[in-house]
Amino acid sequence: MSNDKIYKQKILAVSDLHLCDGGPEDKFCGNEKNFEKVLNLAEKNNYQIVVLGDLFELWQCNDLEKIIRFYSGLLKRLSELNAIFILGNHDALIAQKLSSGGTFLNMEVVPEKLIINKTLFMHGHRFDWTVSLFNRLVFFARIQIETPIEKYFSKSAAKLVKKFNDFWIKKMSKFYQEGGFSKTKEHYRKKAIKYAESLPEINRIVIGHRHKPDHVLMRAGNRKIEYYNIGSWVNNRQDYLILDINTP
Ligand SMILES: [Mn+2]
């Protein structure tokens, strides 16, 4: 998925906003002004904004329309600034519809990974198999069970199943948000570096997902690979990374 498109040479990356509907499950709410400052910074300096996934919180809230209404200003600016949107595990509903890319609210959607100038950007949930498994279960419940029941059986039966699914998905996602079977930062470093090493020429890997920033330069065989975890915007964090992808 290397990109032949020309992107701006300076990247401003943010991750894990988990935009919800403003209710008690919304862990971004109250951070709008801070985020606006970062958008202003990107606009002023002509940075390419990359959202590294979990822009939305669609495990806790599956009313995407409601989220879009609640954060219409913020989302409008992201699209006006031509942000690139890499899908994370909590962007579930969108991922189902845009699994091979496309645009969402005028933002370019990248299903899994984006490579610009030897730098690999991705969300990072694939480095935790428990999350990947849960993700698959959610997808299975919503698409392989709910949709056919509604189509071939009855709306009321589908409603019941959906209620049950909503229940365990909410419970489980809360568990994951509170750390889940949390993996250490060393775990992510190791997995990410190994993955980057499997791709030719990558010398930087930038991920989010763990919600805590981390940066390390590691040797992988005869290559040096720089690893960044860029943190999050939930629970009053305001993490972002500015990266000049021209630097070797
Ligand atoms: Mn995530």
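**Reading a chain from one helix outward**

Guide: Let's jump straight in: Val-131, Phe-134, Asn-135 and Val-138 are the buried residues to look for in helix 5. Keep in mind that this is a predicted model.

Visitor: Okay, but how do I read a list of positions like that on a helix?

Guide: Start with the general idea: an α-helix has 3.6 residues a turn, so residues three or four places apart point the same way. Now look at your own case, where Val-131, Phe-134, Asn-135 and Val-138 of helix 5 are buried.

Visitor: Which helices do the buried residues of helix 5 pack against?

Guide: Two of them: helix 4 (92-97) and helix 6 (155-177).

Visitor: How do I check the length of helix 5, and what span should its 25 residues have?

Guide: The trick is to count 1.5 Å a residue and compare that with the distance between the ends. Helix 5 covers residues 129-153, so it should span 36 Å, and its end C-alpha atoms lie 34 Å apart, which agrees.

Visitor: Where does helix 5 bend?

Guide: Look at Phe-140, where helix 5 bends by about 30 degrees.

Visitor: Let's zoom out. How many helices and strands does the chain have?

Guide: Seven helices and eleven strands. The chain is also divided into parts: domain 1 takes in 10-124 + 184-244, and domain 2 is 129-177.

Visitor: How do I read the meeting place of two domains?

Guide: Ask how far apart their centres are, and then who touches whom. Here the centres of domain 1 and domain 2, taken over C-alpha atoms, are 25 Å apart. Five residues of domain 1 are in contact with eight residues of domain 2. On the domain 1 side of that contact, two residues are nonpolar, three are polar and none is charged.

Visitor: And the overall shape? What radius of gyration does the chain have?

Guide: Compare it with what a compact globule would have. For 248 residues that would be near 18 Å, and the chain has 18 Å, which agrees. Its C-alpha atoms fill a box of roughly 60 × 40 × 35 Å along the principal axes. Buried residues account for 37% of the 248.

Visitor: What do contacts say about the fold?

Guide: Check how far along the sequence the partners sit. Among contacts between residues at least 6 apart in sequence, 72% join residues at least 24 apart. Ile-11, in strand 1, makes a handy example. Not counting residues up to four places away in sequence, Ile-11 touches Tyr-47, Gln-48, Val-50, Leu-243 and Ile-245.

Visitor: Is Ile-11 buried or exposed?

Guide: Buried: 23 other C-beta atoms lie within 10 Å of Ile-11, and the cut-off for buried is 20 or more. Compare Pro-24, in the loop between strand 1 (10-14) and helix 1 (32-45). Pro-24 has 9 C-beta neighbours inside 10 Å, so it counts as exposed.

Visitor: How do I compare distance in sequence with distance in space?

Guide: Put the two numbers side by side. Pro-24 and Cys-61 are 37 residues apart in sequence and 11 Å apart in space, C-alpha to C-alpha. Ile-11 and Gly-73 are 62 residues apart along the chain, with 22 Å between their C-alpha atoms.

Visitor: One last feature: backbone angles. Where is Leu-105?

Guide: Leu-105 is in the loop between strand 4 (102-104) and strand 5 (107-110). Its phi is positive, about 50 degrees, although it is not a glycine. Leu-105 is partly exposed, with 15 other C-beta atoms within 10 Å.

Visitor: And what is the phi of Asn-117?

Guide: Positive as well, at about 50 degrees, and Asn-117 is not a glycine. You'll find Asn-117 in the loop between strand 6 (113-116) and strand 7 (119-122). Asn-117 is partly exposed, having 18 other C-beta atoms within 10 Å.

Key. Residues numbered from 1 in each chain as written. Predicted model: local features only at pLDDT ≥ 70, side-chain atom pairs only at ≥ 80, totals over all residues. Helix = DSSP H or I, 4+ residues; strand = E, 2+ residues; numbered from the N terminus. Rg over C-alpha atoms; globule rule 2.2 N^0.38 Å. Buried ≥ 20, exposed ≤ 12 C-beta atoms within 10 Å, placed from the backbone. Contact = placed C-beta atoms within 7 Å. Domains from an automatic or database assignment. Nonpolar A, V, L, I, M, F, W, Y, C, P; charged D, E, K, R; others polar. Expected span 1.5 Å × (residues − 1). Bend = angle between axes of the 7 residues up to and from the residue.
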